[in-house]
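Please open the model in your viewer and keep the sequence panel visible beside it. This tour proposes a series of selections and describes what is found at each one.

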Amino acid sequence: ARIALARARDLAATVPEDPSTTAALQEIEADILRAEGRHNDAARMRPNRERSQGDDPASQLGRAEALQNEGLASLSSGRIHEAIRALKQGLSLLRPLLAANDADETRHVLSGTLANLALVYSDCAHNLEILAAFATKPVVPENLPERVSQNLRRLGSPEALLAMQQEMLGPVQVLLRAELGAEPEPDILRAHAIALYREAIAECRDYEYLCIQCRGLSGLLREAGDMQAAAAAARDCLSYASRIRNYTFIGAATWQIAEICSENGDTHGALEALETCMQALLRDIVRGRAPESQALSVACKALGLALTIDDPTTAILMAESAKGIPTSISLLRAAPLQGPIPEQLKKLSSQLEALRLRNIWEPSSDLEHQIETVQDALDAARRELAFRDPRAASWHDATDLDISRRTPFRRLLARLGPRTTYAGFLCDRGALFAYGIWPEGQILERVELPAGAFANDDPSLLASFLLEPLAGRLEQLAHDRKSTRLN
């Protein structure tokens, strides 16, 4: 970010000075300082912004936007009570302003302010849960609820925990008591945040904002125990994200759906959601918008769920697809030697992705048939291009990346012979998943590793952990080594 900011400043120096450009550079500098934890420096960078004066709609909207930014800056620096006051003051301007003039820009700012205030109340609920957990003596970190542990890690340090305690038990408590007319409790604050998110969604007309708000609402509803409503909000997020081809939110929404399905005992539903999540991640990762580790996390989650079902092939292929991402990136960058990609190939690729995305928010058997037809045409176009340039066979657009499909995969194994076995593994913290697929069957097991199993790099020790789950299949293959291919 600092490198990009330095380039922006160099460019700004080549054009006539503009106050809006200077303000934008200061905003970015302040954002970087906040990310580095230098909140006082960030605050000194921002005060140059003056609130708009006057009672006309434009001036009121400008003041509301400034208040929203001030609220977010206060929240990031731990001044929660100041964040609440600034955001509520902004709402007091925006609601009558929208009633007098239903403008899209006003709705946009109102929706954002509502969602940000919901975020503050949600954080307050999490903070109270942390303080309640630490009020029980003795405190055993390993026994803390998972949500409390996650939010505790978010604070980052003992000093931040103490600062949060002083803020929550001091000015925030006084402010919330006056507002709620009762002692603030996590469930009450969460319900308040849910109501704000619903109002933000109702006022919003921007798909990207709707993605953010539906995702936030889904998370809060899940914390409140309303799984049905949480799933509905996550599906709304998925619908909006697929309409604007936002793969980041497609991945986030399907991960939420998978978590909810898993908690409800719907393993097949969870795996189906994780498959869509992996497809979205593949597209984001090859574009440099997400780390490869996210795909491996999804793969581990899928393998863990697949342990309980009869056929884990899809989860295994998800894991292998995640492990193959570096190859996918190299293929993406391998452009054909002779001239540009033909327009027909580009058109078919774009058409296929549009149909896939539409099938997410408007599924139908007719769309499935169209997808298969375009996929066949795309394969034929690639073969035709490969005849003219061998390197064209390796060209891919990011939207062409997909998880290996189980039926073609098994068909390829069968061509190599009934004894062919594809074996692999994936590490997951202190354990590994070992798996194998052959034409008529498959195996998947999770092996717990002893502490320091990888410390001494003993190949025989590591091989024993990897091959132990596959021992039965290897024994079967040993009867005829000549016809065996172990990949």
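One definition is needed at the outset: Ala, Val, Leu, Ile, Met, Phe, Trp, Tyr, Cys and Pro count as nonpolar, Asp, Glu, Lys and Arg count as charged, and the others, Gly among them, count as polar. The model on the screen is a predicted one.

**The whole chain**

Begin with the entire chain displayed as a cartoon. The chain contains 21 helices and three strands. Of its 487 residues, 44% are buried. Among the contacts with a separation of 6 or more, 62% are between residues 24 or more positions apart.

**The second largest pocket**

Next, select Arg215, Gly219, Arg222, Trp255 and Gln256. Of the 36 residues that line the second largest pocket, these lie closest to its centre. The space in this pocket amounts to about 1200 Å³.

Now colour the helices that give two or more residues to the lining of this pocket: H6 (104–135), H7 (146–155), H10 (207–223), H12 (247–263), H13 (267–286) and H14 (292–306). Which element gives the most to the lining of the second largest pocket? It is H12, with nine residues. Sorted by class, the lining holds 13 nonpolar, twelve polar and eleven charged residues.

**The largest nonpolar core**

Hide the pocket selection and select Ile80, Ile84, Val120, Tyr121, Met168, Met278 and Leu303. These residues have the most contacts inside the largest nonpolar core, which has 103 residues. Helix H6 supplies the largest share of this core, 14 residues. Apart from this core lies another, of nine residues, including Leu352, Leu355, Val374 and Leu385.

Return to the largest core and centre the view on Val120. With residues up to four places away in sequence not counted, Val120 touches Leu75, Ile80, Ala83, Ile84 and Leu87.

**Ser122 and Leu220**

Select Ser122, which belongs to helix H6. Is Ser122 buried or exposed? Its relative accessible area is 8%, and the limit for a buried residue is under 20%, so Ser122 counts as buried. Neighbours within four places in sequence set aside, Ser122 is in contact with Ala193 and Leu220.

Follow that contact to Leu220, which is placed in helix H10. Leu220 is also buried, because its relative accessible area is 3%. Outside its neighbours within four places in sequence, Leu220 has contacts with Ser122, Arg190, Ala193, Ile194 and Tyr197. Add Ala118 to the selection and use the distance tool: Leu220 and Ala118 are 102 residues apart in sequence, yet their C-alpha atoms are 9.7 Å apart in space.

**Thr313**

For the last stop, select Thr313, in helix H15 (residues 313–323). Why does Thr313 count as buried? Its relative accessibility is 0%, and therefore it falls in the buried class.

Show the side chains around Thr313. Which residues does its side chain join through polar contacts? One polar contact, of 2.5 Å, links the side chain of Thr313 to that of Asp311. Another, of 2.7 Å, links the side chain of Thr313 to that of Arg410. Finally, leave aside the neighbours within four places in sequence and display Arg406, Arg410, Ile437 and Gln442, with which Thr313 is in contact. Arg410 thus appears both in this list of contacts and as a polar partner of Thr313.

Note on methods
Residues are numbered from 1 along each chain as its sequence is written. This is a predicted model: local features need pLDDT of at least 70, side-chain atom pairs count only at pLDDT 80 or more; totals for chains, interfaces and linings use all residues. Side-chain values use heavy atoms; hydrogens and water are left out. On a 1 Å grid over the protein atoms alone, a cavity is a set of points where a 1.4 Å probe fits but cannot get out, and a pocket is an open set with protein on both sides within 12 Å along at least five of seven lines; lining residues have an atom within 4 Å of a point. Grid points are joined across faces, edges and corners, and a volume is the space filled by probe spheres set on the points. Helices (H or I, at least four residues) and strands (E, at least two) are DSSP runs, numbered from the N terminus. A nonpolar core is a set of buried Ala, Val, Leu, Ile, Met, Phe, Trp, Tyr and Cys residues joined through side-chain atoms within 4.5 Å. Buried means under 20% relative accessible area, exposed over 50%, partly exposed in between (1.4 Å probe, protein chains only). Contact means heavy atoms within 4.5 Å. A polar contact is a pair of N or O atoms within 3.5 Å; within protein, one must be able to donate a hydrogen and the other to accept it, and residues adjacent in sequence count only if both atoms are side-chain atoms.
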